[in-house]
Amino acid sequence: MNNFPSHVEVLRLRAKYPPGTRIELTALLDDPYAALKPGDRATVRGVDDAGTIMCRWDCGSTLNIIPSLDNFIIIL
């Protein structure tokens, strides 16, 4: 069994996080090389087939986030 989300789950994520959605990180990422910190904001570019949210962070990063692991909120 793999850890990839089902097609239905990917479609649900794409509906919840369409391109242009603004998000804010609420906790440190579990990645020692990520320079992002809580409070950093991004614009969603889309959701890939693996269910990761593709982001363009205001600081210039394009690091994707994993909804089941990373802590973030949708902002207006």
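This section describes the strand pairing, the nonpolar core and the aromatic contact of a predicted model.

The sheet is open and contains 4 strands. Their order is 3-2-1-4, and the pairing is antiparallel. Strand 3 (53-57) and strand 4 (72-75) occupy the edges. Each has a single partner strand, so one side of each is left without a neighbour in the sheet. From one strand to the next, the twist averages 40°.

Strand 1 (residues 22-25) and strand 2 (residues 41-47) run antiparallel and are joined by 3 bridges. Arg-22 has Thr-43 of strand 2 as its bridge partner. Strand 2 also pairs with strand 3, again in the antiparallel sense, over 5 bridges. Here Val-47 is matched with Ile-53 of strand 3. These two strands, 2 and 3, form a hairpin with 5 residues between them. Gly-51 lies in the turn and has a positive phi of about 85°.

The two faces of strand 3 can be told apart by their cover. Ile-53, Cys-55 and Trp-57 make up the covered face. Met-54 and Arg-56 make up the uncovered one. Ile-53, Cys-55 and Trp-57 also appear among the residues with the most contacts inside the largest nonpolar core. That core has 14 residues. Tyr-17, Ile-23, Ile-65 and Phe-72 are also listed among its most-contacted members. Strand 1, strand 2 and strand 3 are the elements that give two or more residues to this core. In soluble globular proteins, nonpolar side chains tend to be buried together.

Two of these core residues, Tyr-17 and Phe-72, also meet through their rings. A search of the whole structure finds 1 aromatic pair. Tyr-17 and Phe-72 form this pair, with 5.6 Å centre to centre and 55° between the planes. The geometry is tilted. Tyr-17 lies in the loop between helix 1 (7-16) and strand 1, whereas Phe-72 lies in strand 4, so the pair ties together parts that are 55 residues apart in sequence.

Both partners are counted as buried because their relative accessible areas fall under 20%. For Tyr-17 the relative accessible area is 8%. For Phe-72 it is 14%.

The contacts of Phe-72 extend beyond the aromatic partner. With residues up to four places away in sequence not counted, Phe-72 touches Tyr-17, Ile-23, Glu-24, Leu-25, Thr-26, Ile-53, Ile-65 and Pro-67. Among these, Tyr-17, Ile-23, Ile-53 and Ile-65 are listed with Phe-72 as core residues with the most contacts.

Methods: Residues are numbered from 1 along each chain as its sequence is written. This is a predicted model: local features need pLDDT of at least 70, side-chain atom pairs count only at pLDDT 80 or more; totals for chains, interfaces and linings use all residues. Side-chain values use heavy atoms; hydrogens and water are left out. Two strands pair if DSSP finds at least two bridges between them. Axes are lines fitted to C-alpha atoms, for helices over the stretch in contact, and angles run from 0 to 180 degrees between N-to-C directions. A nonpolar core is a set of buried Ala, Val, Leu, Ile, Met, Phe, Trp, Tyr and Cys residues joined through side-chain atoms within 4.5 Å. Buried means under 20% relative accessible area, exposed over 50%, partly exposed in between (1.4 Å probe, protein chains only). Contact means heavy atoms within 4.5 Å. Rings of Phe, Tyr and Trp (its six-membered ring) pair if their centres lie within 6.5 Å; planes under 30 degrees apart count as stacked, over 60 as edge-to-face and the rest as tilted.
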